[in-house]
Amino acid sequence: MFLHIDIDSFFASAERSVDHKLKGIPMCVGSRSNLEIFNKKRTHIRLMNDNSGAFVAPVFYNDKKKTFASYFVDEIEGKKKIRGIVTTASYEARVYGVKTAMPISQALQLCPQLTVVPSNYPLYHKLSHKIHAFIFAHIPQVEQYSIDEFFGDVSGWKKDEEVYAFAQELQAKILEDFDIPVSIGIAKAKWIAKLATESAKPYGVYEVKDIDAYIEKIPIKEFPGIGKGFQKRLEAHYISTLGDIKRHKTLFASWKKPGIQLYRRVTGTDNEGISSRGERKSIGISRTFDAIHDRDEIKRRIMIMARHIIYMVMAMEVNPTSYYMKIGYEYGTKVKKTLTVDRVFSETLFKSMLSEMYEEIVQPNKGAIKLTLNVSNFASLNLKTLSLIDFNEDSKAKQLHQNIHALRARFGLDIIKTGNEF
């Protein structure tokens with residue numbers, strides 16, 4: 001028997017757990033693209049990356065207290081503009097139509113009395129980590145699926161008829177210990193348990209005893225893993241519910257592995273168990289901003305983002321050999337470049353390669369609105385996989401940058417910058 005434990009409105013619930021005045025009122029947590037990393041003055045930015053099981057990107061932050069005005073309001077030519085989007089809305093706010101990913105300015109129009117709280121990702125990471133540890137202490141097999149979702153397998157440990165009561169007890173303990181509400185779905189199949197959680201929300205427990213009857217009328221868009229593209233593909237075959245999927249076994253078999261896997265998950269015949277998270281395969285950072293036409297400023301921002309990638313690489317002690325850059329321009333234009341270098345990673349090498357890549361793909365007279373950097377293809381630090389020609393020189397550079405990394409870890413990521421960041 002599987003449990004799927006989902007924290008209700010996690011970020012909003014986390015804020016309420018430390019500020020009880022937020023309880024019972026329409027409120028939401030908001031965030032915006034973190035552009036303070038591009039400041040020329042020091043901002044004492046640090047990295048939150050200690051919850052590797054939370055399936056979330058590392059978060060860069062500083063300890064400065066945020067207010068609505070300082071975080072969400074920009075003043076441009078004497079006019080104030082509210083920036084940012086809703087990250088999580090409380091159920092009281094959802095009644096007014098406030099939704100995740102909605103611009104905060106729109107959310108305030110729908111619900112003028114809405115309280116908007118600036119995001120506090122260090123709080124969410126730490127709380128997620130603690131709840132994961134708590135669940136693991138009560139269930140032998142646990143998988144953290146996302147920052148606010150967990151799977152538990154109690155097969156052979158709890159009798160089927162005991163699982164519902166056990167889930168209620170676990171739910172009550174989490175509320176008592178963390179002041180955090182969770183909803184729990186129960187089923188004999190892992191992905192059906194996750195689906196069942198939607199029937200349990202908010203703060204409920206729902207057990208699926210007859211999978212066929214349960215999935216019969218559920219729309220295909222409700223099932224995890226069926227995106228908009230696949231929805232259109234299914235609808236072309238007049239498949240609109242999960243029950244329809246069950247009646248088209250031959251069709252899904254013809255779609256090979258992806259189709260067979262989806263069919264088995266929907267029908268509860270997948271036999272998938274708890275899985276542990278594999279090692280991270282890549283490290284990336286992305287930022288969106290108002291259009292910038294100055295080529296030098298765009299390049300400066302790339303170098304600053306590169307420093308943050310470098311810090312993560314050094315912290316994880318990996319050696320990426322594939323570098324990726326993408327620039328998004330106004331009106332939907334995007335350019336990208338990938339480069340593979342079989343060398344020892346260092347700040348000097350990485351920034352040099354990015355500079356070359358930028359000069360190759362930059363579009364003149366166009367406004368850049370989004371930058372994305374990514375490194376992947378982690379290689380072992382040995383002579384068989386890395387270039388012999390550059391090995392000694394690159395190794396010396398790496399040692400230098402390890403010393404720089406130690407200073408950044410102690411005093412903040414922006415304690416030392418290179419000349420191309422100014």
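What volume does the largest cavity have? In this predicted model, the largest cavity has a volume of about 30 Å³. The count comes to one cavity when the threshold is set at 30 Å³ or more.

A look at the walls of this space helps to place it on the structure. Seven names can be picked out along the chain: I310, Y311, M314, E347, H401, H405 and R408 line the largest cavity. Two elements, α13 (295-316) and α15 (391-411), each give two or more residues to this lining. In terms of residue class, the lining of the largest cavity is made up of three nonpolar, two polar and two charged residues.

The open spaces are worth a visit as well. The second largest pocket holds about 620 Å³ of space, and its lining consists of 25 residues. Readers who wish to find its centre can start from D6, R94, T100, E198 and K201, which lie nearest to that point among the lining residues. Several elements supply two or more residues to the lining of the second largest pocket, namely the strands β1 (2-7) and β7 (85-89) together with the helices α3 (91-94) and α7 (190-200). The largest share comes from α7, with four residues. By class, the lining of the second largest pocket contains ten charged, nine nonpolar and six polar residues.

Technical notes:
Residues numbered from 1 in each chain as written. Predicted model: local features only at pLDDT ≥ 70, side-chain atom pairs only at ≥ 80, totals over all residues. Heavy atoms only, no water. 1 Å grid on protein atoms, 1.4 Å probe; cavity = no way out; pocket = protein on both sides within 12 Å on 5 of 7 lines; lining within 4 Å. Points joined across faces, edges and corners; volume = space filled by probe spheres on them. Nonpolar A, V, L, I, M, F, W, Y, C, P; charged D, E, K, R; others polar.
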